[in-house]
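New to this one? Take a moment to turn the structure around before reading on.

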Amino acid sequence: MRALIARNYILLCLVGILALPAAVAAQKLMVGYSGVTAIQAPFWIMKDAGYFKQEGLDADLIYIASSSTMAQAMMAGEVAISTANSQAVVDTGLQGGDLVAVGAFVNFVALYVIAAPEIKSVQDLRGKPVGVTRFGATTDFAMQMFLKKYGLEPVRDVPIIQIGGVPELAAALSKKSIYAAAMSYPMGLVAQQAGMKVLANLAKEEIPFVHQGITTTGKFLRERRAHAKGLVRAYGRAVYFMHTRKEESKAIVSRYTKVTDSSMLEGTMQYAYDFVQKVPLVKREAFQATLDESGKKNPKAKQARPEQFYDNSLVQELVKEGFFASLWGK
């Protein structure tokens, strides 16, 4: 009997030891997303379809309404990995922070300029206020670049008002507090249903920009590289899920966006299919464009190089290992 008890005790100990690496691996992470838009879907799918857990990541999602605010949360250690954009990464870096983009959902501005029905052209915005979520956020960068492309100087020719999140932009448009805003779907569709119009599709304006990154800190990348790589793998699986399990993906997106109308949900999903990258390599020109814009106000940006702000090594390792090919084929 004593021999049996001793043997069972040893077996229990062995089971505990074998289980220990998985328990250690699953360290709590806070993962942030900065918009209630379909191009955030990979993070939502990672959580709801179990890909965080598959990679040994005990991760919770948190919504923070803009990349600039997200960057502050990351530097405070409250968020480990997020969708913070290239403007937030550059601004933080020029101030001595160490944010780094290890991947990119989208390497160009993937927004629509939604305007009041009386705005027939970009020139009609002269003297009329436009809205952004937060100064320094993607919506701010996009609107400023769009106005400049058509000869309007932001602030001087077109006042810019900080509103809050994308739903607040839609509300401000309907109240005529602003006359245009750079918006994503589904809220862009909501604004159109309320009588607003699409003034421009910024994807066709070819404005390079890391619209949504896979962003972390240099410290996290050095100290927990395996976890960062696991998250990039989870991203790849989530995007594949989005394309191959469309009804389940639609249900997840509906849960986070609160969109239930079938036609609006279809338009919302198409937005993600059109813009989200299957292999999330960061493009150098996206950071160069951000530095060029920042250099107009901050002399430090003129001395900086794009490579200071991104690191494609995790994605490149996964490419060499055949991970993305295993999902999509050659």
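What follows is a short tour of empty spaces and helix contacts.

One thing to keep in mind is that this is a predicted model.

**The open spaces**

Let's begin with the pockets. The largest pocket has a volume of about 410 Å³. It has 20 lining residues, and closest to its centre you'll find Gln-87, Asp-140, Gln-144, Glu-293 and Lys-297. Three elements give two or more residues each to this lining: H5, helix H6 (138-149) and H13. Which of them gives the most? That's H6, with four residues. Sorted by class, the lining of the largest pocket comes out at seven nonpolar, six polar and seven charged residues.

The second largest pocket has a volume of about 260 Å³. Around it sit 13 lining residues, and Gly-77, Ala-80, Thr-217, Lys-219 and Phe-220 are the ones nearest its centre. Helix H4 (67-75) and helix H9 (218-223) each bring at least two residues to this lining, with H9 giving the most, at three residues. The classes here are six nonpolar, two polar and five charged residues.

**The closed space**

How many cavities of 30 Å³ or more does the structure hold? Just one. This largest cavity has a volume of about 170 Å³. There are 18 residues in its lining, and Ser-34, Thr-138, Thr-139, Val-166 and Gln-212 are closest to its centre. The elements that supply two or more residues are H6, strand S8 (180-183) and strand S10 (208-217). So H6 is a helix to look out for here: it turns up in the lining of the largest cavity and in that of the largest pocket. As for classes, the cavity lining splits into six nonpolar, 12 polar and no charged residues.

Here are the three spaces listed together.

| Space | Volume |
|---|---|
| Largest pocket | about 410 Å³ |
| Second largest pocket | about 260 Å³ |
| Largest cavity | about 170 Å³ |

**Two helix pairs**

Now for the helices themselves. H5 covers residues 86-94 and H13 covers residues 284-294. Their axes come within 9 Å and cross at roughly 55 degrees, so H5 and H13 are oblique to each other. The crossing of H5 past H13 is right-handed. Which residues do the meeting? On the H5 side they are Ser-86, Gln-87, Val-89, Val-90 and Asp-91, and on the H13 side Ala-286, Phe-287, Thr-290, Leu-291 and Ser-294. By class, that contact has five nonpolar residues, four polar and one charged. Gln-87 links two parts of this tour: it belongs to the H5 contact with H13 and is also among the residues closest to the centre of the largest pocket.

The other pair is helix H10 (residues 225-244) with helix H11 (residues 246-257). Here the axes come within 6 Å, and the crossing angle is roughly 110 degrees. How do these two lie relative to each other? An angle from 65 to 115 degrees counts as roughly perpendicular, so that is the label for H10 and H11. In H10, the residues in contact are Phe-241, Met-242, His-243 and Thr-244, and they meet Lys-246, Glu-248, Ser-249 and Ile-252 in H11. Three of these contact residues are nonpolar, three polar and two charged.

Definitions and conventions. Residues are numbered from 1 along each chain as its sequence is written. This is a predicted model: local features need pLDDT of at least 70, side-chain atom pairs count only at pLDDT 80 or more; totals for chains, interfaces and linings use all residues. Side-chain values use heavy atoms; hydrogens and water are left out. Axes are lines fitted to C-alpha atoms, for helices over the stretch in contact, and angles run from 0 to 180 degrees between N-to-C directions. Angles under 35 degrees count as roughly parallel, over 145 as roughly antiparallel, 65 to 115 as roughly perpendicular and the rest as oblique. A crossing is left-handed if the near helix is turned anticlockwise from the far one by less than a right angle, and right-handed if clockwise. Contact means heavy atoms within 4.5 Å. Ala, Val, Leu, Ile, Met, Phe, Trp, Tyr, Cys and Pro count as nonpolar, Asp, Glu, Lys and Arg as charged, and the others, Gly among them, as polar. On a 1 Å grid over the protein atoms alone, a cavity is a set of points where a 1.4 Å probe fits but cannot get out, and a pocket is an open set with protein on both sides within 12 Å along at least five of seven lines; lining residues have an atom within 4 Å of a point. Grid points are joined across faces, edges and corners, and a volume is the space filled by probe spheres set on the points.
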